Every structure is written in structure tokens, then in C-alpha cells.
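Please look over the sequence and the structure below. Then read on for a short tour of a helix, its neighbours and a cavity.

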Amino acid sequence: MRAFAFSSEPLDPQRHRAELADPASGGYASFEGWVRDHNEGRRVERLEYEAFEALAIKEGERIVADAVARFGVSRAACVHRVGSLGIGDLAVWVGVSSAHRGEAFAACRYIIDEVKHRVPIWKKEHYTDGDSGWVNCERCAAAAHDHDHAHLPVGSGRDFEHDYSRQVALPEVGAAGQAKLAAASVLVVGAGGLGVPVLQYLVAAGVGRIGILDGDHVEASNLHRQPLYGIADIGRAKAEAAAERLAALNRDAQVDAIAAHATRENIDELVAGYDLVVECTDNFRAKFLVNDAVVRAGTPAVFASVHQYEGQLQVYRPEPAWPCLRCLWPAAPRDGLVGNCAEAGVLGPVPATLGAMQAMQALQLILGLHAGSGPVLVMVDLLTLETRRVSARRDPDCSHVPGAAADAPDAAPIELEFGTLAAAVEAGLELVDIREAWECDLDPPSASTLLHLPLSDLVNGRAQFPAQGRYLVICAHGVRSLSLTEHLRSLGQPEVYSLRGGLAALRCRGAQ
Amino acid sequence: MIDVHVQYFAVLRERAGLSRETVATAAATAAELYEELATRHPFNLPRSMLRVAINDEFADWSRQLGTGDRIVFIPPVAGG
């Protein structure tokens, strides 16, 4: 059977249908176009179809081949009548057989829409008043064609069924594993360079519920390493932009967009709502916050971090031998000391590789695919392609219960929120901008800024933070400023605050 | 004097300007070795903030060094 054909004889759907039979197909969808008795307000008696067959068959075959490739169906075909047809006669038939119904329906719809739009077929309508007229189907289609989905991605039909066959084929996964994934819930903290591949692979794999916790907005400087987002997303809440993109990838997943930063106030409740946490933030403050929460909750977690061309990965399991983040790093490091992506620079595939490794570990935890290795810190150097696994043990001195100063409740709030910097000055605060010089070149400090003290100078002892006074510490996103403020508080300086969300939040609030 | 193989990661690699070296040292422990190397490389991290792995296992800073040990100084990393 040809993929596309013309027939001057009446069409026989039963015969065409039989030719699509395929042992790998679980279903068949078809469309029949019939001659109706009216068009544009005029009564129609009969029709004549004519086609430029040589050209039309080539175009028709292309459409059917496109549909098979786009939707991954088993077989598809289309037959169009030519000649004279009466009311109720079958004018066109499309049939698709496929493993699953979703693709069959979608491919069938695609073929008929494209045939009506692209194939050079003319229709002569004979009206009951004796008049007649030729209608070029291509042009009539262009004027008011029913073509709403053909340019949308494959599977945009509501009945598309996600196909997990390539992972279910793994003996360790199978239908039981797929059911485990569907029943699982994962909280991804941070939707940046690490979080983007984690989210994409977990959603694609059919994890049933995924929380995206991220209080940042998409920035132009994110796109090189976070290609889930597009130019049009710049300025949008990351959690929401990510949730929207992910919904287009797999509708099986329930995606909870939580457009907030992890805080001491919200983290325990959030962690409690999920089976597993994947930690993808870019700062120690959040990493330890998440670590302490998963230890308290007894929730497994996958941590990763990158620095330039290198990354580190650690899995935490709530079992006696497994170390937490604090076991490995008992002296909770301060942000600003070892660089982040803004200060140190990063190439996209570095967090992408570590993020993909985190996604793999998350799937292993859900599926119970333990490779038998004990707890390790994995270090990857993407420049040299060296991977090093360092065996790690739980530190008997680590209480596994957070007791660090950063976790003690503060008497005074440590972060303050303002609509403008002028409002902070009016509130009696002196502004200290701790961004690096190059950041200030791109985005100069406010005129009301008292001091510019780059964090790198403070860390290296090239500059001193003033001891007396009431200060608001400012950086780009409020992460470094919060870290420095916590450090200054721990040194006994009471009247120092961090601008919540940094200058980025100020801009967003200003824009609202 | 013993020969040990030292590897640096992340900010230590940047500061040292190399990712690995073989060092002849009189240091008895990992801690002494780091203090010795810190006089040759402009390391900005205090030892308390690092971890050391000897022959692919996390080790105490007081661990005695032996000839041919593979020593890795690991700083914490935060980017994402």
C-alpha cells in the first residue's frame, strides 16, 4: 500500500485499515472526510475532485512520512478520492496504527490537516440552484483552515501518552520501577545550572511529583548554562518558567513551582512534603540549610557543587554509616571564600554534567538501584576528565543535628526588605555594597551607597568592615550579603543586616 | 624525606597554579605537609576549612604520611 494515493473508485476503509495491521501496534485511529450538503451557506448537490497527481502524490507521501517520524507511529496512510462524488460519499481516508493511542490520534490529525493545507487538490462544488464553482482547497484552507496544532510540538494533543519503553526495557527498571517513579516525589532546591538537568531528566523519566524551590528570576547571564530557559523568560520567576517548560515535556509529572528561597522558616515543611531532595543551589548557606533539614527529616538527598571546571557530588542516605554534608565539612564554609559561578566563572556543561549525575543518583535512590558502593565524595574534573571517588564515613563527632551558630534563632531579623535603597537610608541604615569591582562596572552602586567593599577584599583582609554603626549589606542577589552578615553577627556585631534578594529583588519590586 | 604525590582541587588548584605535583617532604603528617605547601603556594584557605584524602579515603590531619601516598587537598565547593 502506498502511503498516499488517489482513487477514482469508492474508498473501502475496511481494506485500507487491514493494510495497517502490525503486531507491534496496540491501536488504530482513522479519519474519514465525507461530502456534506452545504458549504458557506449554499446547498451542495455533488462534488468533483481533481488533483495534479504527480505533484500531489509526492507532497502527500512527504506528509505521511513526516507524521510517522514526528509521532513515532507504526504505519500511516492516506487515500483521497478524485472524480465525481455524491452527498455522504467518502472523500478522504486517513489511518494510523501505533503502539499507543495518543500518537495515533495526533498523527491522524496532523495528516488530514496537512493534506488539506498542502496537497494541490481542487474541488468543484455543484449547488442545488444549478450553479457550480471550483474551490482550491489549499487557498480555502489558508483562509480558514482548521490547523491549530500542526505547528505545536509532537504530543501537544491532550491524549498524548508518554512513552517510557526505553527505560522500562532495562531489567532493573521494568514496569515495577516505572510505577515507583510515578509514585515518587522529589524536591529540587535551585533551578540553575545543576537544577535544570535534574528537573529535565526527572520529569522526563516520569517522576510523579516534583517541587521546584527557587526564589530567583531568570537573568540573561543564566542562559549559557541553563538552556531550559529562553530569551523570553528573562525577568520571570525561575520556578514558574521552569514549571511551564517542564509541563510541555511530560504531563505525567505534577510540578509544584515554589518561587521562594530556602529559609529556616520554610525548609522543614517543604522537605517534609517529598521523598527525596536534590540540592542544586550555589551557596553554602542554602546547602547547609538543606542538609540540616534532610538530616532532621531522615530524607535522602543528593548534593552537588561546581567550581569552574570541577564538581563534587555526595549522596546522603539516612542510615548509620552515611555522612551528611556537615560530616565532611564540619567547619561550615563561608560563602565568598571559595567563589561562586558569578565570581569564578563556569562553562555550561560542567554543572550540566554534575546535574545529570545528580539526576542519575536520584533515580537510583527511587528505584533502589544501589551499586553496592559505600558513601563517597565524587570529584570530577571536566578539563582532564578525571573522576576521583574518596571514601567518606560518618563523623562520630558530627551530631547530625545542626548546632552551628547559623542555625540558632536570631533575636533580630537578619534580612531586611526594602522597595528602594533610599528607603533603607531613611530607615537610618548605611549602605555597604560588597559586590566585586567588575560587577559595579556593569551596574554602578547607588549614589546613596556609603561604602564599596568587595567581598574578596574583606575575605583576603585587604579591607575591614566598619565596626560601629547600622549597616545594610548589599550584593547582587542577597546570598553573599547574607553570608557576610551572618559572619559579622557571629563576631558580635549586632546592627548589620542583609538586603533580602539583593539588587535583583529591588529591581523586580521596582518593576511591579 | 619521603616522596608523596599531591593533588589540588578547585580554589587550591588555582592558587597553586598546578593540579598535581610530587613533593619530597620531611612532614610527618598531612597537617604539616599542608603548612609546608602553604609557604610555597599562596593558599587562602585555613586548614580547618579543608579536608584531606590519603589514598582515596578521607583521613585525619594527624595521619602519618608514608612514601608514595596520594594526598588530595579538597576545598568545599559551592557553585551551582
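This report takes up one helix, then two residues, then the empty space inside.

## The model

This is a predicted model. Every value here is computed from it.

## Helix H6 and its two sides

Start with helix H6 of chain A, which spans residues 174–183. Its buried residues are A:Gly174, A:Gly177, A:Gln178 and A:Leu181. They sit on the same side of H6(A), because they cover an arc of only 100 degrees around the axis. The general rule fits in one line: an α-helix has 3.6 residues a turn, so residues three or four places apart point the same way.

Now turn to the face of H6(A) that points away from the buried side. Exposed residues are found there: A:Ala175, A:Ala176 and A:Ala183. What covers the buried residues? Among the elements that do so are three helices of chain A: H5 (165–168), H7 (195–205) and H13 (349–367).

## A:Ala179, partly exposed

A:Ala179 also belongs to helix H6 of chain A. Its relative accessible area is 45%. Buried means under 20% and exposed means over 50%, with partly exposed in between. A:Ala179 is therefore partly exposed.

How far apart are A:Ala179 and A:Gly208 in sequence and in space? In sequence, 29 residues separate them. In space, the distance is 9.1 Å from C-alpha to C-alpha.

## A:Leu367, a buried contact

Helix H13 of chain A, which helps to cover the buried residues of H6(A), holds A:Leu367. Is A:Leu367 buried or exposed? It counts as buried, because its relative accessibility is 10% and the cut-off for buried is under 20%.

Leaving aside residues up to four places away in sequence, A:Leu367 touches A:Val173, A:Gly177, A:Lys180 and A:Leu181. Two of these names, A:Gly177 and A:Leu181, were met above as buried residues of H6. A:Val173 is 194 residues from A:Leu367 in sequence. Yet their C-alpha atoms are 7.1 Å apart in space.

## Space inside

Rolling a probe the size of a water molecule over the atoms shows where empty space is left. The structure holds 4 cavities of 30 Å³ or more. The largest has a volume of about 120 Å³.

Which residues line the largest cavity? There are 14 of them, and A:Ser305, A:Gln312, A:Leu325, A:Trp329 and B:Val77 lie nearest its centre. Three elements of chain A give two or more residues each to this lining: helix H10 (284–297), strand E14 (301–307) and strand E15 (310–316). By type, the lining has 10 nonpolar residues, 3 polar and 1 charged.

Notes. Residues numbered from 1 in each chain as written. Chains lettered and ligands numbered in written order. Predicted model: local features only at pLDDT ≥ 70, side-chain atom pairs only at ≥ 80, totals over all residues. Heavy atoms only, no water. Buried < 20%, exposed > 50% of the residue type's maximum accessible area, 1.4 Å probe, protein only. Helix = DSSP H or I, 4+ residues; strand = E, 2+ residues; numbered from the N terminus. Arc of directions from axis to C-beta. Contact = heavy atoms within 4.5 Å. 1 Å grid on protein atoms, 1.4 Å probe; cavity = no way out; pocket = protein on both sides within 12 Å on 5 of 7 lines; lining within 4 Å. Points joined across faces, edges and corners; volume = space filled by probe spheres on them. Nonpolar A, V, L, I, M, F, W, Y, C, P; charged D, E, K, R; others polar.
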